[in-house]
Amino acid sequence: MLSRAPKGTSDILPSQIDYWYYAENIIKEVLQSYGYREIRTPAFEHTELFVRGIGETSDIVNKEMFTFQDRKGRSLTLRPEGTAPVVRAYLEHNLSRENPLSKLFYLGNMFRCEKPQAGRYRQFNQFGLEAIGSPSALVDTEIILASWAIYQKLGLTNLSLMINSVGCRECRPEYLEALKDYFHDKKKLLCPDCRERYDKNPLRILDCKNKQCQIEIKNSPSIFDYLCKDCDRHFQQLRKYLDSLQIAYQVNPLLVRGLDYYTKTAFEIISGELGAQNAVGGGGRYDYLVEELGGKHTPAVGFAAGMERMISTMEKQEIKIPFWEGIKVFVATVAQEDISAALKIINHIRENGVSAEMDFLDKSLKAQMRLANKLDVSHTVIVGQEELKEQKVILKNMADGQQEKVAISQILRYLQPKKKG
Ligand SMILES: [Zn+2]
Ligand SMILES: [Zn+2]
């Protein structure tokens, strides 16, 4: 038990970490080039933030939150998503004062108590970006472009873009009524989840993966027959911008997002790699969330994606990334009495940005040399009394086995960056 992580969690081991560094760096680089700045919010928030922000009818709030009480009985929840916390911080720090359009991004752990299944974790990593403060379809376009650019820059292929509109306060109620009318007589044919959704949020029936439900969904009324003028104009505007950039996309009227706060644009980036087609990330507009959380009416749009899925796609597609180059120099000692001098020397090497390692297990010189070989270093510095008298050490080039006496002050000149492979 003590040597097993809790269900639904996973470790990222040193052998995998280079993928994470690489992906995280690209996310930061790309987003900063689009003018987004990172924001870091706490891992937990007041429970009400998510209940209000995500919506009481959502699966997340109903079934998946890690909620607990602090010692004073206040209800707290580990963040299941990043948007509500970002909006909370936006309001708390009055970020709109600095700039009428706040462009923010985040990277971090999220927590959902889901049934563990392949590729789903209870603690997982997400990155996301949010643009808060503009109703313009130009911002929706930019969010899509920036998200797309990350996947491109990572070298991922086989991706496609799906877009839809989920309407607004004006037009969605009528559409929901139409959906309810349509599904009314078919209710008993739907899966138990959808029967529940019928009353709470019939829009969510549309993205049910159940085969029987999908048959019934096929002929359901289309949102595009119900969009109000404003929503329709916004969607046409988005299409125009994407067309002008020759970004290929598919309009999918069944694309709805899992969270209640979305309005107008909804979109997903789909990868063909992961077994069947699968969303690697998604986003959309959420014009009412800021208001819902106590701010004034502030239109906004965002995108979020899971890092685990992104990284497993990178591995599957065998994306070439720069791996850690390993230790370059080993500092060996002839005898116990040389250790202090060796410490000084290894410090000097490391301070100059060259990675170096030594023995911590009181090994013989012979065993130390074996370790140096195993670490595949380019050079070994051998520290011994005789050479120390002249302020020198023996430097062994591990590639050709050549040894020479070198002044300690000159060591760094010999330690070229190791060539891998
Ligand atoms: Zn509308
Ligand atoms: Zn269903």
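A donor, for a metal site, is an N, O or S atom within 2.8 Å of the metal. By that definition the predicted model holds a zinc ion (ligand 2) coordinated by C191 (SG), C194 (SG), C208 (SG) and C213 (SG), at 2.2 to 2.3 Å.

**Zinc sites**

Along the chain, the donors of the zinc ion (ligand 2) follow the spacing C-x2-C-x13-C-x4-C. Two of these donors link distant parts of the chain: C194 lies in helix α7 (residues 192-200), while C208, 14 residues apart from C194, lies in the loop between α7 and α8 (211-217). Both C194 and C208 are buried.

Another site holds the zinc ion (ligand 1), with C168 (SG), C171 (SG), C228 (SG) and C231 (SG) as its donors, at 2.2 to 2.3 Å. C228 counts as buried because its relative accessibility is 18%, under the 20% cut-off. C231 is also buried, with a relative accessible area of 1%.

The table sets out both sites.

| Ion | Donor distances | Donor spacing | Donor angles |
|---|---|---|---|
| Zinc ion (ligand 1) | 2.2 to 2.3 Å | C-x2-C-x56-C-x2-C | 100 to 115 degrees |
| Zinc ion (ligand 2) | 2.2 to 2.3 Å | C-x2-C-x13-C-x4-C | 105 to 114 degrees |

Around the zinc ion (ligand 1), the 4 donor atoms subtend angles of 100 to 115 degrees, so the arrangement is tetrahedral. The arrangement around the zinc ion (ligand 2) is tetrahedral because its 4 donor atoms subtend angles of 105 to 114 degrees. For four tetrahedral donors the ideal angle at a metal is 109.5 degrees.

**Helix α5**

Helix α5 spans residues 137-153, 17 residues in total. From its first C-alpha to its last, α5 reaches 24 Å, close to the 24 Å expected at 1.5 Å a residue. The helix is mostly covered, with 12 of its 17 residues buried. Among the buried residues of α5 are I143, I144, W148 and Y151.

At the start of α5, a side-chain oxygen of S136 comes to within 2.9 Å of the backbone nitrogen of L138. Just after the helix, G155 has a positive phi of about 90 degrees.

**The sheet**

An open sheet is formed by 8 strands in the order β1-β5-β6-β11-β10-β9-β7-β8, with mixed pairing. Its edge strands, β1 (37-38) and β8 (250-251), each pair on one side only. The partner of β8 is strand β7 (residues 159-165), and the two pair in the parallel sense over 2 bridges. Here M162 stands opposite Q250 in β8.

How values were computed. Residues numbered from 1 in each chain as written. Chains lettered and ligands numbered in written order. Predicted model: local features only at pLDDT ≥ 70, side-chain atom pairs only at ≥ 80, totals over all residues. Heavy atoms only, no water. Donors = N, O, S within 2.8 Å, 3.2 Å for Na, K, Ca; no water. Tetrahedral: all angles 85-135°; square planar, octahedral: opposite > 155°, others 65-115°. Buried < 20%, exposed > 50% of the residue type's maximum accessible area, 1.4 Å probe, protein only. Helix = DSSP H or I, 4+ residues; strand = E, 2+ residues; numbered from the N terminus. Expected span 1.5 Å × (residues − 1). Polar contact = N/O pair within 3.5 Å; in protein donor to acceptor, adjacent residues only side chain to side chain. Pairing = 2+ DSSP bridges.
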